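This report describes the strand pairing and burial in the structure shown below.

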Amino acid sequence: MNLSLIDPFVLAQDYPDTLTEKLRSGHATCLRFNRKGDYLASGRADGTVVIFDIETNGVARKLRGHTRQIQSLSWSRDGRYLLTSSQDWKCILWDLNDGSRVRTIRFEAPVYIAELHPYNHLLFVASLFEDQPVLVDVSSPKPIKRILPSAPFRPPPPKGEEVDPAVAAKQAAQDAKHSTCVTIFTALGNHIVAGTSKGWINIIETQTCTTIHSTRLCNGVVILLRLASNGRDLLVNSSDRVIRTILMPDLSQLGIELEPPNIKLQVEHKFQDVVNRLSWNHVTFSSTSEFVTASTFMNPDIYVWERSHGSLVKILEGPREELGVVEWHPSRPMVVACGLETGCIYTWSIVTPQKWSALAPDFGEVEENVEYLEREDEFDIHPAEEIHQRRLDQEDEIPDVITIEPHNKSHVDEEMESFCMPVLLDISDSESEEDIVAVGPGTMRRRSPGAGRDYANAGADGDKDTAGGRNGTSRGQKGRRR
Amino acid sequence: MDRSTRSKRRRIDRSPEPRRASSNGFIQSPVESSSDELAAASDHDETERRRSSWNIQKVYAPKRPSRRSHSFSGSESSDELTMDADEYWRSRNRRSPTGVSAISEQGNDDEPTPIGGGDEDNDNDNDNAINGDMDDAEILAGQTYSDRSPTPVPPPPPPPPPKPEKLNYHHKFLLKGHLRGVSAVRFSPDASMIASGGADGAVKIWDTLSGKLIQTFEGHLAGISTISWSPDGATIASGSDDKTIRLWNVQTGLTSISIQGKAHPIPFVGHHNYVYQIAFSPKGNMLVSGSYDEAVFLWDVRSASVMRSLPAHSDPVGGIDVVWDGTLIASCATDGLIRIWDTATGQCLRTLVHEDNPPVTAVKFSPNGKFVLAWTLDDCVRLWNYVEGRCIKTYQGHVNRTHSLSGGFGVYGAPSGPPWAFAVSGSEDGAVLCWDVVSKKVLQRIDGHTGVVLGVDTCTLGEKRYMVSCGVDGTVRVYEETDEEEEGAEVAAAAAAAAVDDGEEQQPEEEGDEDRDTTPVPSETPVTQDENAGEPQDTEMGEAK
């Protein structure tokens, strides 16, 4: 409702420029907005998941169940379910209506990234540390895990040609070295995009769990894959210090107009810092996928590139610490990132100046002086009743006070976003910002040692890890993925 | 600057044809027709582009039937359509002796969605109105068509009935229980309950259909000026002259009456003076309060702490309201200003002021959030178009010189027809007045209260529409809308019900029941808390200086 009143120049700004907020609840290690953009989930080093309300910047819910650092978060489409994966070899699907656990899924390895199917919150794909990625169906209490292939797709040899057994054996040996580091669903969820340790991108059919296409993108490890909200652009962060944007083929046309051999993953842009040879911790698209943003390794800056020309438009500065996960708000020009040292969540957005003409309606903001012209009847004196009556007679409009104009949003969105998280009145927010005090550049200590730690005692073995994470040694765990 | 060239330039190096098409489709949609004078031509373009790009989620999602979900009324009928309908209606009446009520019943059965019906209904209405008396024949024709066509054509609904000339709210319950004047009354979000708060510091919850007292919340140290339901109906917030706001957990499904409810342990402390008006945000995560200390506070409901303080006014803030989608806050004060604030940034976006500068005591957004209704101490209620900053309607006929009255919007009209809006307010002469929003005519004047009527609220519960009012005389009165035909029976039933209710309301805490019924000023009633006795008028907000 406020769009008609807001300065169009402010609305026209696409990307944030100033550090505006600092959220804190424990040591956050990963972040994810829900689709609507009113809640931000943050996973902490101690395994707690904290849901922030973006409107109030307050804690909306805390979910306790993991005992080690949270690795990834994934919201269901309607915002009711949240899938968390952790280094404690578990994934938990939470129901945010009451904060209960819908499913707890155990694996035989720490989980890198788990992502929910875009339309089915009981299906997710998880990539595991030094293990095969799995597609997990949790519609029944006992999860059904299907192993996804990591080996790149080899086109079948042309008919009549024999494959040399030696070549085949060599290929098989090479294929065995591939391990999948990251898996995400495509926009419709019919396919899974997987990035391997050898720099390959595999497209796997969800239904059959078979690879239908593979492309070699680079030499390094594929660290992160992100799909834009329109589903057509893929963002790849790899260990060769280059961020690539890829135009995805329309996979819904498979079998109609598009045949699997014709799939092409076309690199659109390569973003890199040629001078400093920076490598990138985490990357994300902007809400409209016009921009790409990345946090930098060993550097407190966040880079923002625009995609039409592929140029760097902004370096967001602010905190004096290296930033880990960076996320862009799904509809607003707002970027959040969490600091690796303190675990604080920093927010960049646009600061709008107060318009003074809004405060005093009889004042206007003019560019230059305006000549004053007296109206003919400006100082005429009329009886008060006459003025009042004249005013009343002029009120001949037909206002419609009931009808709400339909939103610009697509109907699907409105239908899906029916879930409303209940407001909890007894959120115990014991760990406020004052808990951690900076005693020097990069060094923090707790103001009251031991206080507010009881939440971490839920899992005995998680305790040590928590303490380690607070002192900044979580870098080592992060580094293992690189 | 042309839209299409712009988009081409921006996306010069990429080829996705479908995306451009879709984004253009959004931009050319007629939905966004802003009349904002701020937006100059080229800026406007840019704005449009931003807006659309923010809102488009460019996922190609599975095909779904498009549905318009957010609308109070899908059908809007033009005037000539109504004229046709009027003719049809009269002829129909002549033919069927059963009268209006029978037809409206039929209308309900045939067309279960009179509100938010959508475009199809409207089209059907149109056809039907043109065809007039051919109604039955057309239904037959429709059936014969339906045999041939693969999708059966539903029988067209009856045309919209004419706009009523008056309202027919009748007195249903007289709710007694408050020891002193009642300053605020509100229906719960699902309309099943009524909450009232008064100068005796108590919040009482009543059942809408039976008029029984469900719960009483006591804990405030001074009188209550304002109450607000949380959107889920589980919590009531009350703002009091003891400078605090308290939350109360409403326990639904209790059968025994007069259970002492418990306050939420943490009160909202921060205001330096009386809290005059509070309002929940539509999500229930924020609470907005206006106080005598001239400030407007945004509270984080979860942590009970002030999230943002708006440097609002230079006089006591009398009224607060939040628009339906939560993006705007309206506040008003006795300095005569109405300010519109952006919830997200806390900035003032507009200030509305009338030339005569009368003190503004209450403010209310229209159901669609495009207008603001404001009560001023010059016997006027004004409807403002806040985007253009103009007063577009002035409603008069009530008395409002000293007290902070409040009211709201209501809906009337036959269930099968388009809904019409009325504005309702209390009056200092003990009446409740309903005006048609467009014509400014008084649709109904309900007398009954023996003192100033401080608060009015309306609701729709099932098929019925209710109104509730409260006043300085310490009573809460519930009214039900009745059809003219059933008037006699309804009145009798209502009277009987009220009598029964009176009998049942003999609760232990009220002894001087009969006395209070006759005395207009509540100061003579027995008071439980001593500090209240000194200031009998403490919850009558916004008195003129």
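The sections below take the two chains in turn, with selected strands in each.

## Basis and overall content

The coordinates come from a predicted model. Chain A has 482 residues, and 45% of them count as buried. Its secondary structure consists of 7 helices and 30 strands. Among the contacts in chain A with a separation of 6 or more, 49% involve residues 24 or more positions apart.

Chain B has 545 residues, of which 47% count as buried. Its secondary structure consists of 10 helices and 29 strands. For contacts in chain B between residues at least 6 apart in sequence, the share joining residues at least 24 apart is 57%.

## Annotated repeat in chain A

An unreviewed UniProt entry places the feature "repeat: WD" at residues 63-104 of chain A. In the model, this stretch of chain A is 57% strand and 0% helix. The C-alpha atoms at the two ends of residues 63-104 are 13 Å apart.

## Strands β15, β16 and β17 of chain A

Strand β16 of chain A covers residues 200-205. Is this strand enclosed or open to its surroundings? Because 5 of its 6 residues are buried, β16(A) is largely enclosed by the rest of the structure. The burial criterion behind that statement is 20 or more other C-beta atoms within 10 Å of the residue's own.

β16(A) pairs with β15(A), residues 191-196, in the antiparallel sense over 5 bridges. In this pairing, A194(A) stands opposite N202(A). β15(A) and β16(A) form a hairpin with 3 residues between them, and G199(A) in the turn has a positive phi of about 85°.

β16(A) is also joined by 6 bridges to β17(A), residues 210-216, and this pair runs antiparallel. N202(A) appears here too, standing opposite S214(A) in β17(A). The hairpin of β16(A) and β17(A) has 4 residues between the strands. Within that hairpin, C209(A) takes a positive phi near 60°.

## A four-stranded sheet in chain B

In chain B, 4 strands form an open sheet in the order β19-β20-β21-β22, with antiparallel pairing. Which strands lie at the edges? They are β19 (360-365) and β22 (390-395) of chain B, each of which pairs on one side only. Neighbouring strands of the sheet are turned by 25° against each other on average, direction ignored.

Inside the order, β20(B) spans residues 371-376 and β21(B) spans residues 380-385. These two strands pair in the antiparallel sense over 6 bridges. One of the residue pairs involves W375(B), whose bridge partner in β21(B) is V381(B). As a general point, strands of a sheet pair through backbone hydrogen bonds, either parallel or antiparallel.

## Strands β27 and β28 of chain B

Strand β27 of chain B, residues 453-461, is mostly covered, with 7 of its 9 residues buried. How many bridges join it to β28(B)? There are 8 bridges between β27(B) and β28(B), residues 464-471, and the two strands run antiparallel. Across this pairing, D457(B) stands opposite V468(B) in β28(B).

β27(B) and β28(B) form a hairpin that has 2 residues between the strands. In this hairpin, G462(B) takes a positive phi near 65°.

Notes. Residues numbered from 1 in each chain as written. Chains lettered and ligands numbered in written order. Predicted model: local features only at pLDDT ≥ 70, side-chain atom pairs only at ≥ 80, totals over all residues. Buried ≥ 20, exposed ≤ 12 C-beta atoms within 10 Å, placed from the backbone. Contact = placed C-beta atoms within 7 Å. UniProt positions renumbered as here; feature names shortened; annotations may be inferred. Pairing = 2+ DSSP bridges. Axes fitted to C-alpha atoms, helices over the stretch in contact; angles between N-to-C directions.
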